[in-house]
Amino acid sequence: MALRPYWKGYLKLSLVTCPVNMTPATSESEKVRFHTLNKDTGNRVVSQYIDSITGKPVKDENEAKGYARIENDYVILTEDDLDNVALDTVKTIDIAKFAPADSIEWVYLEKPHYLMPDDAVGNEAFAVIRDAMKADKVVGISKLVIGRREKAVVLEPRDDGIVLWSLRFGDEVRPEENYFEDIDDEVDPDLIPLVQELIKQKTKRWSPDMVSDPIQESLLKLIEEKKKALKPKKATKSRKAQEVGPKTNVVNIMDALRKSVSAELNKRKAV
């Protein structure tokens, strides 16, 4: 079932405009979330804003944003003030530029959203923009206000819709050469075929089942046990055995690769 749109507005390319809506492509709503409680009473703890000088609670209607000029001296901005500086990009995604689809480095991609027509009247205009980008293998570059911040966004045609990615700004990305420049690039050429064979044995078509969250699964199991008021099971291994870390013996990489490839082959034969 489709979720309620996170944002509604217009997609614009020159004189072509169509109403659209947008929904985040990812969600963490299924994650285990906790409330903060008073351990002695079992009651929930309520948080509230306190005036740092008077020590008194601040009512919701008295809350405002403050920009520090100097220490303890602020320019106060209310919600009305912030609404008055709203940009056109609050409601319109105006595609101003295009770039080759493979030219945007992955590190700039921040968060994906699904963009789709908001009504049947705008379907054709939406489809024309989508299919034209797809045919030319380009993505659209625009801006959009997300969370009171104007973000650069990229529009990528995908199947029948468009995926809108928010982009990180240039000063938010650290240059990779600062971290990779000291890595030794000399490799024994005889090792490459062994690694390739190992990769071949382990390669499968991508599936979401390949990744899971073991901590999440353990938390759900623990919560279920708590619900049933069961005592935790005794550990089957001794504490000493649990504290034993991974072996630190230095091994020959060629021997290790050969053993890995052999083990994968034997595993496949046994299946």
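In which strand is the place of Ser-166? Keep that in mind as you load the structure, which is a predicted model; the tour will come back to it.

**Stop 1: the whole chain**

Start with everything shown as a cartoon. The protein has 271 residues, and buried ones make up 20% of them. Colour by secondary structure and you will find 7 helices and 10 strands. Switch to a contact map if you have one: of the contacts between residues at least 6 apart in sequence, 62% join residues at least 24 apart.

**Stop 2: the sheet**

Now select the strands of the open sheet. It is built from 8 strands in the order 5-1-2-7-10-9-8-6, with mixed pairing. At its edges you will meet strand 5 (92-94) and strand 6 (97-100), each of which pairs on one side only. Look along the sheet, and neighbouring strands are turned against each other by 40° on average, direction ignored.

Next, pick strand 9 (residues 149-158) together with strand 10 (residues 161-167). These two run antiparallel and are joined by 6 bridges. For one pair to label, choose Glu-156, whose bridge partner in strand 10 is Val-163.

**Stop 3: Ser-166**

Stay where you are and select Ser-166, because here is the reply to the opening question: Ser-166 sits in strand 10, and it is buried, with a relative accessible area of 4%. Why does Ser-166 count as buried? Its 4% falls below the cut-off, since buried means under 20% relative accessible area.

Show what surrounds the residue. Setting aside residues up to four places away in sequence, Ser-166 touches Tyr-108, Leu-109, Glu-110, Lys-111, His-113, Ile-146, Ala-152 and Val-153.

**Stop 4: the edge at strand 6**

Move to Lys-97, which is found in strand 6. Is Lys-97 buried or exposed? Lys-97 is exposed, because its relative accessible area is 58% and the cut-off for exposed is over 50%. Beyond its neighbours within four places in sequence, Lys-97 is in contact with Val-139, Gly-140 and Ile-141. You can also draw a distance from Lys-97 to Val-154: their C-alpha atoms are separated by 9.7 Å, with the two positions 57 residues apart along the chain counted as their spacing.

**Stop 5: the helix across the sheet**

Select helix 2 (residues 123-136). This helix lies across several strands, among them strand 1 (7-13), strand 7 (109-117) and strand 8 (138-146). Add strand 2 (16-24) to the view to see the crossing, as helix 2 runs at about 80° to strand 2.

**Stop 6: the largest pocket**

Turn on a surface and go to the largest pocket, which has a volume of about 500 Å³. Which residues lie nearest its centre? Select Asp-51, Val-58, Asn-62, Glu-63 and Ala-64, part of a lining of 14 residues. Strand 3 (65-70) and strand 4 (73-77) each supply at least two residues of that lining. Colour the lining by residue type and you get 7 nonpolar, 4 polar and 3 charged.

**Stop 7: helix 7**

Finish with Leu-265, placed in helix 7 (residues 253-270). At 34% relative accessibility, Leu-265 counts as partly exposed. Leaving out residues up to four places away in sequence, Leu-265 touches Glu-197 and Gln-201. For a last distance, try Leu-198: its C-alpha atom and that of Leu-265 are separated by 9.2 Å, and the two residues are 67 apart along the chain.

Conventions: Residues numbered from 1 in each chain as written. Predicted model: local features only at pLDDT ≥ 70, side-chain atom pairs only at ≥ 80, totals over all residues. Heavy atoms only, no water. Pairing = 2+ DSSP bridges. Helix = DSSP H or I, 4+ residues; strand = E, 2+ residues; numbered from the N terminus. Axes fitted to C-alpha atoms, helices over the stretch in contact; angles between N-to-C directions. Contact = heavy atoms within 4.5 Å. 1 Å grid on protein atoms, 1.4 Å probe; cavity = no way out; pocket = protein on both sides within 12 Å on 5 of 7 lines; lining within 4 Å. Points joined across faces, edges and corners; volume = space filled by probe spheres on them. Nonpolar A, V, L, I, M, F, W, Y, C, P; charged D, E, K, R; others polar. Buried < 20%, exposed > 50% of the residue type's maximum accessible area, 1.4 Å probe, protein only.
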